[in-house]
Structure formats: structure tokens, C-alpha cells
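Biologist: I would like to go through this structure with you, one question at a time. Could you show it first?

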Amino acid sequence: MTSGLRQPAHHSTSEIYLDIHRSVSSCHCLLTVVRFDSTRTILAVVAALAALATFVGIGVAAPSVSAQSNSGGAWEGLEDWPMIPIHMALDSQGRVVSYGTNRDGQQTGRFVYDVWDPSGSAGAGHSTLQNTTQTDLFCSLQLNRPDTGDMVLFGGDVWNGRSTSTVGNADINLYDAGNSTLSSLPGMNLARWYATGTTLVDGSFYIQGGKDGGERQPERWSPEGGSELLPINTSDLNWWYPRNWLTPDGRIFGVDVNGQMYAVDQGLENMTRLGSLPARPDTGSPAVMFAPGQVLYVIGSTRQAFVIDTSGPTPAVTEIARTNRHREWGNLTLLPDGKVLATGGSSTPVAASFPGSLDQISNIALEAELWDPSTRQWTLLPAASTPRLYHSTAVLLPDGRVLTGGGGAPGPLSNTNAEIYRPGYLYDAGGAAAQRPSIGSVGQSTAVAGDSLTVSVSHSRPIERLTLVKTGSATHSFDMEQRFVELTFSGSGGDLTAQLPGNPAVIPPGFYHVFALDDLGVPSVAQSLRILPAAPGATPPPPPAPETPETPGPEAPVQETTPAPTPTTDNLVVNGSFENDLTGWTVGGGQLNQSYDEASDFRRATDGRSSLPLGGWVEGIGHWTEQTVPTAAGGRYALGFDAGVNFGTETAELRVTVTAQDGSLLLDERITDTTGGGMPRYNYEFVATDASVDLRFTLTAGAGTDFDVDNVVITAANGEPPAPPGPAPTPPAAPQLAPEPVAPQPAPVTPPAAPTPAVPEPPEPEPTEQPPLVVQVTPDPGTPRNLVFNFSALSGGNGVPLVVFTAWGL
């Protein structure tokens, strides 16, 4: 492995870069130290080397993970990768396409790209191919075409004959998934470097942002019509990879890297400003839509985390528990069970230090961590063997593993390598490989929103869940494509009948992984399903009416916890106290005996004679009870109930879901309890999308345990009774808002100079004129864990040695 490290063209001459040259076959490495004209304090050198020795494990193989520790997952060994994978995306054949540098890790996507078969380790199965398009793909974007399965690449840098020139291009290129070749297409209207793409329900792409022209206006690309500019002014938004998603009502919701929120209407004609996040994010803040309309946003430099609910006219922002580690330039990856894996990062934002500087080694996050949407808590996981910082990536593989790679171009490390994480759901309680469900087929290779699927599954345990995860397309700490959909299904064992959501904006077209999960949470290897573009006229429901004019609004409210809503006196749930029988409730998963008397009710002193036991020694896990509740479309509702373990010796888990008529989840919560904990009150809110919802309680863990439920109430959350039950009223047409001022002609008028972007431009990687000084670093032969750094040959301008440094016991 050779170094691609170069001196930046416009960077402070006091910075110091280090590149690691690792040998996987011996305990030996070289540090290449590039010293610029002015001498930096020796303490910075010593601190940097000590940190590198700590987090890289110089000359020491990554520790193996014991079987007993596999409940939190495990990392596979560090493997070479053909370049720094600044961009990683799964193609329609299930392979990983990556690009971003040359083979030496130098900043450019002009020469090579790689196609990797993920059936084995990260170091095998590569086809590294020549890019013959003449386009430098560095810092572009890539999306899969739902109609053909080919990948379209938009924009990038410009190669000036010897290096990248840090100037955006307007090129469009096509990756043919059938033969893995690249070819050129007619270009965009504006140059775009660091832009974001979002797939729309008709299979076209909404492209926003990017430097050198694209910051002024977005455009739409379709296979039939190519690129067309949109009448929207985005010059006041930051151009750096805006975080954009398609919401269930068909709008584009986004957050720029300065924290400004906005929405684009279904017709792609108007953009509404929606206030700002309560804390300013950074360019390297990772984010993901973990459920329809629900966004997890992490500010890596401060460890703050937020959930953004986009279902209303104004997004509701809730601050949740902070991450355990700093995640600036880290990545968030959706898993088959709906949880979110965080990998990589540190505490240094780009605004405080150029992304390639040594300052990035401050508070390195080697450990992964897992976020559970049901508890909104983070769990720390095992550590990777090398940092993943600026220009790192991560994608979910079809077998449920997560590929992480990259970091560098420029430094502080040049990571032409990758490492795969195996989540804890791939191991059993003893640390061995878990027995996994197997999907024989999903009945069809293509589908549209609203279709039914016949999923053939073989397994010795009951299947608890069927999920869809859209294949990933990641770069710069953002996956533009991943999203998660929970499927409703019927049947047990053999063929399962699953229902796709009927709303095409909940399941936008493209390629999805179909996973079957058993009652222990173990996922199958995925089967691929292509969701086709929606038929003409199959549009999402109208968006919510705005509450305020289209002006920059105040900062969105922040809630530390979800408050209990003010209930009305009208309970929409029939027989929510289970006092006489199961009138109003449907049961499944076993025989439910509702026969407890007042002595068995935790709250019998005030709340009646009985509660409903789920599970128990007869029914076991997987038992559920459900009721259809009348609602009004667009109404906000409060759900409250008492729940707790009444019998048994195991820790139990109760899953509570509220599902719309089209199968989309409006609420999905999990409550974990141990025996003897009483029955606390639980309160949640949801927004109904049509005339009724299905409320379900399911015991998902704790065989031989009774999880009791009592006093279930659903009321209008705003203190007003909902509309009378009946057919959903015809929603009014979406209001036509005044468009932002834009040029009326196809060619945009040059706007006034925009404010200086918060993000400094990446440098031109010109080679330094000073030759690097090579320092031999070897373990002390007497004590293998000690390292000796001998810098006696490193001298200042007067020939006097700068430092002689020896480190022990690192």
C-alpha cells in the first residue's frame, strides 16, 4: 500500500499529516511524516503519535472477539480495498459499487471504480475497472433507476490533467448493472459538486445543491425527459449534500448543514422554509429516515441527537439521548430489525478544522453503537480496528452485515481498506452463529405499492416480522436511499402473505431487501424486490395545510420527552378495561383466556376487576390482541394504557403498534419489563391518515410470562373530539403557495452573491515540494506491546534535532 497524501494547496503550513502503512502479515509499520515550513509544537507531534498508537494499534493485529461477547456483534478483520471508497452504493444485482480516489488513495474519481461481490470477505471478489467517461466522479451522487436497475451518477469534480481542480461539473453518467460499464449521458443544466438526489414516486430524481451553479436551483431528472430546472430558489440554503427525504405525503423534506429545515411541494414548484433545528449541525452530521416520515439526526461534534417528525405542516423536533461517542463524519445505517447502527466519527467538525487535519483524531469513535427506535436509547458496541472519519462510508449488505470503509483524501489517514461488522442478531445466546430463517422466494421480482406478496419462509422458529430496507447509497455521512418499512402479513410457517403499503411515497420505487425475522430477532438473508414507479395518478395523499405563511419560521419546538396529551372524555376504544369479556377485540397467536378476577389486577383498588393477560404458560410469545378504532384523517390522537408483567420468571417485551389502512405504521413502541414491576401508565401520540387505525398489543419476548394490559384509551390529543366515524372526507387540494423568486427563463439569472458557505472548499491535493521523512517504528523486542519512536533524524532548519522520543507501554 502506498501513500496518496499530499500537501493541500491553501492549508496552514503548520499542519502535520501522518499516513499509516500497515502490513497485515507482521507487527511492523512505517509512519510517513510530512513537515511543513513552520514548526508546530512538539507536544502536538507526541500527542498525535500517542493517539495513533492507541486507536490504530500500530503493529498489533486487531483483537479477536470471543464467543461470549458476540451478543453485541463482532467485527471481521481489516481488509484492503482497491481505493478509498468515498462513495458506496448497492447496485440492482446486490453488489457494492464504490469509487472516489485512485488506487493510491489520491483525491480523484477520474480513473477507476470498483464492483464487489459481498458474498465473502471484504478483501475478495473485487472487479476494479477503468473509468473511460472522462468524468471525475469525486464527490458526486449516485442513485439506482427503478425502471431498468442501472445506476445514474450526477456531477463531480474536474480533472485538470494532473489533479482535481475543486470545480464542479454538470456531467451525468450511467452505470450498466448488467455488464458493470460506465457511459456518458446528456448532462445537467447546472454544475453540481456535493449535491443530493432523492427518488420520487414516478421514478424520477430530485437533485438539489452542489457547488458551482447547483446552489441556485434544483432540477429534476427523468429517463424520458432528462434534466429540467425547477422554479425554486435555493441560494439561501447551504449547497453541501443537503439531507433530503421523500415524506409520506409526497413532499421533499430537508435539512441543510446549517440546520435550516424546508419542504418542497408535490409539484416541485414551491419550497417552504420550516425554521431551524434547535442546535446548529455540522457538515459531517449523519442522518437517516428510520421510519416513514421519521428522521434520526445526529450532531456528531456535540453528540446531540434528534427525532424529526415530518408528518405535520411544521416538523416536530424532539431531542433524545445523546450518543455515547462523538459521530462527526460517522455513518448511520438501518438494520433489518429497524434499529440504527452508528459507526465511525470523531468530535471535530469541518468548520473548526480542515477535514484532513490531525485535529480529527480528537475523541475518535472506534466503538459502534446501536439506536433502538422503541426506547430511543443508544447501546455501545464493540470497537472497530481503525477510525472512519471524513470520506468514510457504510452500507447494509443483503446478508445483514454492515460494510464500513474509507476515510481520507485528504488525511489524517488514507484508508484504502474496509471492515465488516456482524450485528448481534447473527449470534445465538452462546455466541455461536445463529440459526437463520430462509426465504425461498417473495413470489415475484417486481411489485408496486399496494401489492400483496407471497413470501415463502422455512425456519424452525415462528416468523415474527417481515421488513423492507431500501438498498443504500452512501457518501459524506449520508445515505440518500436507505429507508425502512414494516410489513403486515398473515400466515405462520411456509407461505406468508404480506401487504405492501398502498401509499407510493411510503415505499418509493427502487430496490429493497426483504427480510424475515424470527421471534428471537434473527433475520434471514434478504431477497431482492424491485418496487416499480407508481402508475400515473397514483399520487400520495395531499400534504397537511400549512399553519403559517411561507416565511422563515421560528425554531422548531424541542421536547425532552413525549408529554402525555390532554385526553377528552370520549374513549374510541371499545372495552379498553377488559372488564367483562373480549368484546371489540380480535385475538391471535393462541387461545386467550380472559378470566382474571379483581385479585389479579395490579390496579384493582381503583380500576376494576380484571386486566388482559398476553402470553402466559399456554399462549407463549407471539400472542396478540387487536382492535380497529375509528379516527379522522389528519387528526392527532393520544394513546394511553397500563402495562406490566404479572406472572413468570423471564424479562418480557410488549410491542404496541398503530397501523393505518394502507399498512403503514403510525406508531411502533416496545416496552421491556421484568416481573414484579407493577403496571405503570404509558402515553403516546400518533396522527391518523384515514378513517380508522388498527391498535395491536403483541408479546414479543418472554415465553411463559403474562404481560398484562389494562385501561386502554384513545382520545383526540388536542382536547377536541374527533370527527364522527364514517368515510374519510375528501381532502382539500393542497394550497398553492407563492413560489420563491426565480428567473422566469430556462437559463437562471445570476443571483446576488450568496453568503460565504460555512464549509471550506476541499483543497487541491498538490504534492509537497519537500520530500517526506520516513521514520522506522518497531516494537521493543523485549516487551512486544512497547513501541519505540526514534525521531533523532528529524531536525529543524538549523540541523538541531527537534525531538528524540521513546514511548513505552502503549
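Biologist: Which residue stands opposite Leu143 in β10?

Modeller: This is a predicted model, in which local features need pLDDT of at least 70 and side-chain atom pairs count only at pLDDT 80 or more, while totals for chains, interfaces and linings use all residues. Residues are numbered from 1 along each chain as its sequence is written, and side-chain values use heavy atoms, with hydrogens and water left out. Strands (E, at least two residues), like helices (H or I, at least four), are DSSP runs numbered from the N terminus, and two strands pair if DSSP finds at least two bridges between them. β9 and β10 (residues 151–154) pair in the antiparallel sense over four bridges, and in β10 the residue opposite Leu143 is Val152.

Biologist: Which are the edge strands of the sheet that holds β9?

Modeller: The sheet is open and has four strands in the order β9-β10-β11-β12, with antiparallel pairing. An edge strand pairs on one side only, and that describes β9 (141–144) and β12 (181–185).

Biologist: What is the average twist from one strand to the next in that sheet?

Modeller: The angle rests on axes, which are lines fitted to C-alpha atoms (for helices over the stretch in contact), and angles run from 0 to 180 degrees between N-to-C directions. From one strand to the next, the twist averages 25°.

Biologist: In β16, which residue is the bridge partner of Glu219?

Modeller: Strand β15 (residues 219–222) and strand β16 (residues 226–229) run antiparallel and are joined by four bridges, and the two form a hairpin with three residues between them. Glu219 has as its bridge partner in β16 the residue Leu229.

Biologist: Asp519 forms a salt bridge; with which residue does it do so?

Modeller: A salt bridge is counted where a side-chain nitrogen of Lys or Arg lies within 4 Å of a carboxyl oxygen of Asp or Glu, and by this rule there are 23 of them. For Asp519, the closest N and O atoms of the pair are 2.7 Å apart, and the partner is Arg461. The pair links distant parts of the chain, 58 residues apart, with Asp519 in the loop between β39 (510–518) and β40 (527–531), and in the loop between β34 (452–458) and β35 (463–470) the partner Arg461.

Biologist: Is Asp519 buried or exposed?

Modeller: Buried means under 20% relative accessible area and exposed means over 50%, with partly exposed in between (1.4 Å probe, protein chains only). Its partner Arg461 is partly exposed at 34%. Asp519 has a relative accessibility of 12%, and therefore it counts as buried.

Biologist: Why is the pair of Tyr194 and Trp239 described in the way it is, and what is that description?

Modeller: Rings of Phe, Tyr and Trp (its six-membered ring) pair if their centres lie within 6.5 Å, and planes under 30 degrees apart count as stacked, over 60 as edge-to-face and the rest as tilted. The structure holds 23 aromatic pairs. In this one the ring centres are 5.9 Å apart and the planes stand at 65°, so the pair is edge-to-face.

Biologist: How many residues apart in sequence are the parts that Phe290 and Trp371 tie together?

Modeller: The rings of Phe290 and Trp371 have their centres 4.9 Å apart and their planes at 75°, so this pair is edge-to-face. Phe290 lies in strand β21 (residues 287–291) and Trp371 in strand β27 (residues 367–372), so the parts tied together are apart in sequence by 81 residues.
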